[in-house]
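User: Please take a close look at one part of this model for me. I want the helix packing, with the cut-offs behind each term.

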Amino acid sequence: MNDRPLTEIWVYLAASPLLWLTATLVCYLAALKVYRLGGESPLLNPVAITVALLIGLLQLTGTRYQTYFDGAQFVHFLLGPATVALAIPLYRQRDRLRALALPILVALLVGVVTAGLSAVGLGVLCGADPVTLISLAPKSATAPVAMGISEKLGGLPSLTAVLVVSTGIVGAVLGPGLLRLLGCRDDAVKGFAMGLSAHGIGTARAFQVSPVMGAFSGLAMALSAFATALLLPPLLRWIGLVGAG
Amino acid sequence: MFDATGAGPRGGCALLEALTLILICQFAGEVAVLVTGLPVPGPVLGMLLLLAWLWRSGEVSERVGRTADTLLANLSLLFVPAGVGVMIHWERVRDQWAAITAALILGTLITLAVTALTMAGMQRLLARRREDGDE
């Protein structure tokens with residue numbers, strides 16, 4: 001029989017981190033190709049496609065998430081350094097930051113509080129439990145930050161990751177239309193709102209509209225990452241969703 | 001021998017230096033969070049430390065900038081391993097899909113609108129005050 005060596009190869013591969021690390025990269029590159037072929041439509045978000053492909057593969061092969069993560073953790077680890085690296089686009093925008101300091105600061109505070117309260121409020125209204133609510137609360141912040149907050153407060157970081165990506169897609173698809181309806185014509189304002197609400201995915205969309213909109217979106221993403229990390233835990237404690245300390 | 005990578009020994013070193021700077025900032029951030037019990041994730045504090053460092057040195061050196069751009073250009077890939085984790089929360093998402101959908105769509109639209117209107121309103125307010133000051 002020929003399938004015995006094949007089984008042995010599979011047993012060997014399944015036990016090594018190489019298989020799922022490679023699969024993650026291959027699926028992502030395939031998803032990027034689909035995204036480009038589809039005219040970079042936000043509906044074809046590469047993260048969503050990659051996740052769907054990988055879940056399909058894991059189910060087909062009967063692989064547990066823990067086994068997958070043993071390989072994929074090398075990619076996951078880079079979220080930390082990527083968060084630190086956000087300091088660089090922020091620093092590059094320092095001149096605009098100074099010129100518009102007050103409107104930006106006020107919009108940042110109001111926006112971050114609105115993002116947290118609207119997610120939790122709508123979740124409560126529709127009957128979500130506390131763990132889901134905590135996982136939802138940081139969804140407008142960029143993923144590494146949102147996941148860190150979710151984990152610290154007792155949410156589910158992996159659920160938060162999916163919610164963050166979904167939020168980005170919603171913002172990228174509906175954001176430009178909504179801002180037009182509201183009569184916003186200033187690209188700085190539009191970009192800032194996109195980056196604060198829909199982080200990196202919103203920023204990618206904003207860059208398609210104009211460079212100014214993209215730059216302000218990136219700025220909002222970096223600022224809201226920090227403001228969310230600082231403001232959301234006390235906010236959730238204040239409304240009684242998270243215990244003190 | 002490093003030339004085989006196409007980057008050359010100096011290119012490789014520059015990347016290494018930039019990565020080391022980023023990792024040191026993250027490390028310092030994580031340690032500071034452990035020591036002080038601050039409610040922010042360690043990497044976020046690391047981001048502030050790097051920002052302070054850049055402000056002090058007065059410029060982004062090309063190698064640090066290029067390394068950061070590479071990391072951030074592929075930011076989406078880094079969400080994938082955690083995103084696949086939704087498979088272990090499948091039942092939660094199915095049971096609470098209405099709440100999750102409402103928070104995702106309405107919550108995001110509300111946040112977009114409130115942020116845009118606040119910033120536009122503040123700019124208008126400041127412009128008006130400046131005009132009054134000029135008269």
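Analyst: Here is a walk from the whole chain to two helix pairs and then to the chain contact.

This is a predicted model, in which local features need pLDDT of at least 70, side-chain atom pairs count only at pLDDT 80 or more, and totals for chains, interfaces and linings use all residues. Residues are numbered from 1 along each chain as its sequence is written, while chains are lettered from A and ligands numbered from 1 in the order in which they are written.

Chain A has 13 helices and zero strands. Helices (H or I, at least four residues) and strands (E, at least two) are DSSP runs, numbered from the N terminus. The C-alpha trace of chain A spans about 75 × 45 × 35 Å along its principal axes. Of its 245 residues, 53% count as buried, with 20 or more other C-beta atoms within 10 Å of their own, those atoms being placed from the backbone.

Now the first pair. Helix α2 of chain A covers residues 17-37, and helix α3 of chain A covers residues 46-61. They pack at an angle of about 135°, with axes 8 Å apart. Axes are lines fitted to C-alpha atoms, for helices over the stretch in contact, and angles run from 0 to 180 degrees between N-to-C directions. The angle makes α2(A) oblique to α3(A). Oblique is what remains after under 35 degrees (roughly parallel), over 145 (roughly antiparallel) and 65 to 115 (roughly perpendicular). The crossing of α2(A) and α3(A) is right-handed: the near helix is turned clockwise from the far one by less than a right angle.

Which residues meet? On α2(A) they include Ala23(A), Cys27(A), Tyr28(A) and Ala31(A); on α3(A), Ile49(A), Leu53(A) and Leu57(A) are among them. Contact means C-beta atoms, placed from the backbone, within 7 Å. This contact has 12 nonpolar, two polar and no charged residues. Ala, Val, Leu, Ile, Met, Phe, Trp, Tyr, Cys and Pro count as nonpolar, Asp, Glu, Lys and Arg as charged, and the others, Gly among them, as polar.

The second pair is α10(A) (residues 143-153) and α11(A) (residues 157-181), packed at about 145° with axes 8 Å apart. Their crossing is right-handed. Met147(A) and Glu151(A) are among the α10(A) residues that meet α11(A), where Thr160(A) and Val164(A) are included. The contact has six nonpolar, two polar and one charged residues.

Finally, the partner chain. In all, 88 residues of chain A are in contact with 63 residues of chain B. Helix α11(A) gives the largest share of the chain A side, 15 residues. That side divides into 63 nonpolar, 21 polar and four charged residues.

Definitions and conventions. Two residues are in contact if their C-beta atoms, placed from the backbone, lie within 7 Å. A residue is buried if 20 or more other C-beta atoms lie within 10 Å of its own, exposed if 12 or fewer, and partly exposed in between; C-beta atoms are placed from the backbone.
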